[in-house]
Amino acid sequence: MDASIIITTFRRSHFLTRAIDSVLLQNTNYKYEIIIIDDNGLETQNQLLTRKTIDKYILYNQIQYYPLEINKGACYARNYGVSKAKGNYIFFLDDDDSYENSKIQTQMAFMLNHSNLDGCLAPFKRLNAKEEEIKANSNFPVVEDFVNFSIRGNFFTPMLCIKKNKLIEIGGFQEIDRFQDRFLMLHALKSNLNFACLEQPLHIMYEHESDRISSLNISKTIVSLDKIYDFIVLSKNSFSKKEWNMFKINDLTIRAIQYYLSKDVKNRLYAIRCYFKICILDLNMKNCLNFIKSIFNIVRRR
């Protein structure tokens, strides 16, 4: 088996058909399997709905379906999928996204032509709720080395094609509630894995209309950011003074954004504290003006 495509699903069975169909419709001469990990928990309403969706594909021998007994989270679900995979290369797909029909062919061919690499990443198209394209720098992967990725890295799991043995060597996904993709790449780069970034968008990410982040979610988010910070700080000596300052600004910016998106006014006020710290670290006048605008928006939304 050349490749295994792992789709983890949780509470989104209504999107799952689109994701599965996009993999089945791949234009490729490589052999691949689809592994679906259902993280809803056995006999829950969402698991039964997901099972009903999967039953439509009963004639497709290349599809494997594994419902987990209880909800275990994205890291466990993806690692479980890897443990069941027979392919030499691993791909991931979120249940609410889809592949372009050249995804597997393009990344597999690239990897087989660059045997020195451990993995490659491809950009994606981003569509809003009206299916209008959103163009942004974050649609493109940015990796380089451990230090550069810590400062300015950008990576989403469905971008990835990686050698299965290398993913297992680094321990797969480390348990973390948020930013699982970022934490995975940090461990991969710390282990000296090598990646290349392609230019062609090969999957579609769909944005959804959603409520603001709840207090529970913001708590999990900050704990996850703390865990990432603690992992990176172990390698602080690898950073120059300027690079470490840039990393702290980036870390505070991410935290400020998360606080700003919160439903809770108290949490949104924490965003102001983050922006104050950013201003102290970054004396760039343009950035300070942006900071003032951000403060104004936070206060106005109270």
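Two helices count as roughly parallel when the angle between their axes is under 35 degrees. Keep that cut-off at hand as we walk through this predicted model, because the pair of helices H1 and H2 is a good place to apply it.

Helix H1 covers residues 13–24, and its axis comes within 9 Å of the axis of H2, the two crossing at roughly 30°. That angle falls under the cut-off, so H1 and H2 are roughly parallel to each other. Their crossing is right-handed. On the H1 side the contact is made by Ser13, Leu16, Thr17 and Ile20, and on the H2 side by Leu49, Thr50, Thr53 and Ile54. Sorted by character, these residues of the H1 and H2 contact give four nonpolar, four polar and no charged.

H2 also leads us into the first sheet we will visit. Helix H2 (residues 45–55) belongs, together with strands E2 and E3, to a right-handed β-α-β unit. The two strands of that unit, E2 (residues 32–38) and E3, pair in the parallel sense over five bridges. If you would like a spot to zoom in on, isoleucine 35 stands opposite glutamine 64 in E3.

Now step back to the whole sheet. It is an open one of seven strands, in the order E3-E2-E1-E4-E9-E6-E10, and its pairing is mixed. Strands E3 (63–67) and E10 (195–197) stand at the edges with a single partner strand each, so one side of each has no neighbour in the sheet. From one strand to the next, the twist averages 20°. For the antiparallel part of the mixture, look at E4 (residues 89–94) and E9 (residues 160–163), which pair in that sense over three bridges. Here phenylalanine 91 stands opposite cysteine 161 in E9.

There is another open sheet to explore, this one of four strands in the order E5-E11-E7-E8, again with mixed pairing. Its edge strands are E5 (98–99) and E8 (133–134), each of which pairs on one side only. Strand E7 lets you see both kinds of pairing. Towards E8, strand E7 (residues 124–127) pairs in the antiparallel sense over two bridges. Towards E11 (residues 203–206), E7 runs parallel and is joined by four bridges. Leucine 127 shows this nicely: leucine 127 stands opposite tyrosine 206 in E11, and also opposite glutamate 133 in E8. Arginine 126 has isoleucine 134 as its bridge partner in E8. The hairpin of E7 and E8 has five residues between the strands, and in that hairpin glutamate 131 takes a positive phi near 60°.

Our last stop is another helix pair, H9 (residues 241–260) and H10 (residues 265–281). Their axes come within 8 Å and cross at roughly 160°. Angles over 145 degrees count as roughly antiparallel, and H9 and H10 are therefore roughly antiparallel to each other. The crossing of H9 and H10 is left-handed, whereas that of H1 and H2 is right-handed. Among the residues making the H9–H10 contact are Ile249, Leu252, Ala256 and Tyr259 of H9, and Ala271, Cys274, Ile278 and Leu281 of H10. Taken as a set, the residues of this contact of H9 with H10 divide into eleven nonpolar, three polar and four charged. The charged ones include Lys248 and Arg255 on H9 and Arg268 and Lys277 on H10.

Key
Residues numbered from 1 in each chain as written. Predicted model: local features only at pLDDT ≥ 70, side-chain atom pairs only at ≥ 80, totals over all residues. Heavy atoms only, no water. Axes fitted to C-alpha atoms, helices over the stretch in contact; angles between N-to-C directions. Parallel < 35°, antiparallel > 145°, perpendicular 65-115°, else oblique. Left-handed = near helix turned anticlockwise from the far one by under 90°. Contact = heavy atoms within 4.5 Å. Pairing = 2+ DSSP bridges. Right-handed = clockwise from strand over helix to strand, strands pointing away.
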